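Student: I'd like a close look at one part of this model, namely how its strands pair up. Please keep it friendly, as I'm new to this.

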Amino acid sequence: MKVQYPHSHSKEEVYEIFNSYFDSVRERKMRHGEITEAECTWNSTQDIVDITVYAMGNSRSGQVIIEDKQVIVKGKLPIIAIPFRNQIKQQIIKKLEDLL
């Protein structure tokens with residue numbers, strides 16, 4: 001799945017927004033026991049982050065790419081979630097609207 005969303009911030013501002021968001025999600029979810037581990041690894045230019053979340057014995061990976069005028073969210077959906085891809089895409093868009 002791939003979601004592209006426009007933004008009007010600098011790449012540095014978008015990095016700060018996402019970095020803070022990932023930190024808060026990791027802390028909040030781990031306190032409630034939903035996620036056993038979450039990894040976010042930024043590249044050296046801080047415009048691509050690889051995300052891996054571990055929960056209930058499974059892992060899911062994705063990537064956020066920050067470009068000059070848009071953010072791209074990419075990830076592979078598990079087979080069981082494919083029928084819900086449009087709802088998932090809308091949830092991602094809503095979160096991007098809230099953040100950016």
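Student: How many helices and strands does the protein chain have? And which strands does β4 pair with?

Tutor: Let's start with what you're looking at. This is a predicted model, where local features need pLDDT of at least 70 and side-chain atom pairs count only at pLDDT 80 or more, while totals for chains, interfaces and linings use all residues. Residues are numbered from 1 along each chain as its sequence is written, and side-chain values use heavy atoms, with hydrogens and water left out.

Now your count: the protein chain has two helices and five strands. Both kinds are DSSP runs numbered from the N terminus, with helices being H or I over at least four residues and strands being E over at least two. Walk along the sequence and you meet them in the order β-α-β-β-β-β-α.

On to β4, which covers residues 58-66. Its two partners are β3, joined antiparallel over eight bridges, and β5, also antiparallel, over five bridges. To call two strands paired, DSSP has to find at least two bridges between them.

Let's step outwards from β4 on the β3 side. Strand β3 spans residues 48-55, and strand β2 (residues 37-42) pairs with it, antiparallel again, over six bridges. A handy residue to click on is D50 in β3: T41 stands opposite it, and its bridge partner in β4 is Q63.

The β2 and β3 strands form a hairpin with five residues between them. Q46 lies in that loop and has a positive phi of about 55° although it is not a glycine. That's worth a second glance, because most residues other than glycine have a negative phi. Q46 counts as partly exposed because its relative accessible area is 37%, and partly exposed runs between buried (under 20%) and exposed (over 50%), using a 1.4 Å probe and protein chains only.

Now go the other way from β4. It makes a hairpin with β5 too, this time with three residues between the strands. One bridge here links G62 with G75 in β5. Beyond that, strand β1 (residues 2-6) runs antiparallel to β5 and is joined to it by five bridges. Among the pairs, Y5 stands opposite V71 in β5.

K74 is a good place to zoom in. You'll find it in β5, which covers residues 70-75. K74 and G62 are twelve residues apart in sequence, yet their C-alpha atoms are 5.5 Å apart in space. Ignoring neighbours within four places in sequence, K74 is in contact with M1, K2, G62, Q63 and I65, where contact means heavy atoms within 4.5 Å. K74 is partly exposed because its relative accessible area is 35%.

Finally, zoom out. The chain's radius of gyration is 14 Å, which agrees with the value near 13 Å for a compact globule of 100 residues; that radius is taken over C-alpha atoms, and the globule rule is 2.2 Å times the number of residues to the power 0.38. Along the principal axes, the C-alpha atoms fill a box of roughly 35 × 30 × 25 Å. Of the 100 residues, 25% count as buried. And among contacts between residues at least 6 apart in sequence, 46% join residues at least 24 apart.
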